[in-house]
Amino acid sequence: MDLVKEEEVVEILQELIRRPSQNPPGNEKVVAEYIYEKMKHWGFEPKYVYKPEPNRPSVCVVYRGSEGKPRLVLNGHIDVVPEGDLRNWSVPPYEGVLKEGRIYGRGACDMKGGIAAAMIAAKVIKESGVKLRGDLVLQFAMGEETGEAGTKSLLEEGFVGDWGIVLEPTDLKVMTAEKGLAWYHINIKGKPTHASRPELGINAIYKALKLISAIREYNDEIGKRIHPLCGKNICTVTMIRAGTKENVIPESCWLAIDRRIIPGEKIEQVDKEIEEIIRKISGEDPEFKCEWKRVMLYESAEIPVNHEIAEVVRKNTKEITGVYPEPAGTLGSTDQRNFINDFNIPAITWGPGWEKSHEIDEYVEIRKVVDCAKILVLTILDLLK
Ligand SMILES: [Zn+2]
């Protein structure tokens, strides 16, 4: 374990942060090129994958073992969310400032810390001269922050395995389940008229109020369904747009709804519930008219809590940090679902960093990234040697 050098982890992480890869607009290329060159310099054979976007490459590395199986996939996304208003930052977001055991910068936590750990773990394995039986696969994917098919394309291109570890920030807790999400757009129709004679029209905002209260009741109702690791279902109105002018009764009101879905619930059922809410209001109020559609879906995902990949990483986390991670689930959505749902590859979400994702003055603790690299080395040896 002495082979994992803190200075080297820090250097790699700083270099990753110093290459801004904001998405949107999709500036992954600078980081992809850095990773490609670095891995090549270390003697690996990296490959670019120009899918699904020709100008936004992902990078993959396969470090082959003598038998080519089993295969372990380490996954990280190389894009970061934009830094927002620079004036709010107390440190420059793209310099990799080191302060009190932390490295600051956009992407430090989500998730260049995890990427640095994966790169170092692979390097250490290679340098140690240990002969692996199985293949180690590294995926550095584009487009995660905007829900694009970065990871999915890498899996489609054959960079698959028997287990996956998605190195998103979880404070080194092993997440075996994650919630899904669905977004709905709903357009409620009114009838415009002069505001001095509202009785001649239909006020779309007032009609929307009925739906908004129904959604709040629905949220309370579905919140009673609870997943042991991911918590409860949630449904929230997150956007509203309406009105033409101060003196015109609004002719339409547009709402966006975010529905968080616990593992085990099917999207067909969720669609039906939304439809039912609208049908009920229409039944009580013939003037209530709307169109709705689902515009986004991430399915939830889950593997058994005691699956081999989860148990091995828990054991090694305990060995390095002294803390045995309790079973846990993700509230958000990660590329873990592509492994489990699209390719039937058992996968966990597990990595350094925690609640600083997407925040101002984002940072990661260096010790956690170093621990992550060490735990990965042990895990690679356990599974592939
Ligand atoms: Zn992330």
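These notes go through the predicted model point by point, from overall layout to single residues.

1. **Overall layout.** The protein has 385 residues, and 45% of them count as buried. Its secondary structure comes to nine helices and 18 strands. The C-alpha trace spans about 80 × 45 × 40 Å along its principal axes. Contacts reach far along the chain. Among those between residues at least 6 apart in sequence, 79% join residues at least 24 apart.

2. **Domains.** The domain assignment gives two domains. Domain 1 is made of two segments, 6-178 and 301-384. Domain 2 covers 180-298. The centres of domain 1 and domain 2, taken over C-alpha atoms, are 37 Å apart.

3. **Domain contact.** How many residues of each domain take part in the contact? On the domain 1 side there are 12, and they touch eight residues of domain 2. Three strands each supply at least two residues of the domain 1 side: β8 (175-178), β15 (301-302) and β16 (328-330). By type, the residues on this side of domain 1 divide into five nonpolar, four polar and three charged.

4. **Nonpolar core.** The largest nonpolar core holds 93 residues. Which members touch the most others? They are A121 and A373. Helix α3 gives the most to this core, with 13 residues. Both domains take part: domain 1 and domain 2 each contribute at least three residues. As background, nonpolar side chains in soluble globular proteins tend to be buried together.

5. **A373 in detail.** Residues up to four places away in sequence are left out here. A373 then touches V4, V9, A117, I120 and A121. A121 thus appears both as a contact of A373 and beside A373 as a member of the core that touches the most others.

6. **Helices α1 and α9.** Two packed helices are described by the angle between their axes and the distance between the axes. For α1 (residues 6-17) and α9 (residues 366-384), the axes come within 10 Å and cross at roughly 105 degrees. That crossing angle makes α1 roughly perpendicular to α9. From α1, the contact uses E6, V9, V10 and L13. From α9, it uses I366, V369, V370 and A373. Seven of the contact residues are nonpolar, none is polar and one is charged. A373 therefore serves twice: in the α1 contact and in the largest nonpolar core.

7. **Helix α8.** Which residues of α8 are buried? They are Q336, R337, N338, F339 and I340. The buried residues of α8 pack against one helix, α4 (150-156), and against strands β7 (163-166), β8, β14 (289-298), β15 and β17. Two of these strands, β8 and β15, also supply residues to the side of domain 1 that touches domain 2.

8. **Positive phi.** Most residues other than glycine have a negative phi. N344 has a positive one, near 55 degrees. N344 sits just after α8, in the loop between α8 (336-343) and β17 (347-349). Buried or exposed? N344 is exposed, with 8 other C-beta atoms within 10 Å. H358 also has a positive phi, near 65 degrees. H358 is in the loop between β17 and β18 (363-365). With 15 other C-beta atoms within 10 Å, H358 is partly exposed.

9. **Cis peptide bonds.** Most peptide bonds are trans. The bond from P24 to P25 is cis, with omega near 10 degrees. P25 lies in the loop between α1 and α2 (29-41). The bond joining D110 and M111 is also cis, with omega about -10 degrees. Where is M111? M111 lies in helix α3 (residues 108-128), the helix that gives the most to the largest nonpolar core.

10. **C-terminal end.** K385 is in the segment after α9. K385 counts as exposed, with 12 C-beta neighbours inside 10 Å. What does K385 touch? Neighbours within four places in sequence aside, K385 is in contact with V130, L132 and R133. The C-alpha atoms of K385 and K131 are 6.8 Å apart, although 254 residues separate K385 and K131 along the chain.

Note on methods
Residues numbered from 1 in each chain as written. Predicted model: local features only at pLDDT ≥ 70, side-chain atom pairs only at ≥ 80, totals over all residues. Domains from an automatic or database assignment. Contact = placed C-beta atoms within 7 Å. Helix = DSSP H or I, 4+ residues; strand = E, 2+ residues; numbered from the N terminus. Nonpolar A, V, L, I, M, F, W, Y, C, P; charged D, E, K, R; others polar. Axes fitted to C-alpha atoms, helices over the stretch in contact; angles between N-to-C directions. Parallel < 35°, antiparallel > 145°, perpendicular 65-115°, else oblique. Buried ≥ 20, exposed ≤ 12 C-beta atoms within 10 Å, placed from the backbone. Core = buried A, V, L, I, M, F, W, Y, C linked by C-beta atoms within 7 Å.
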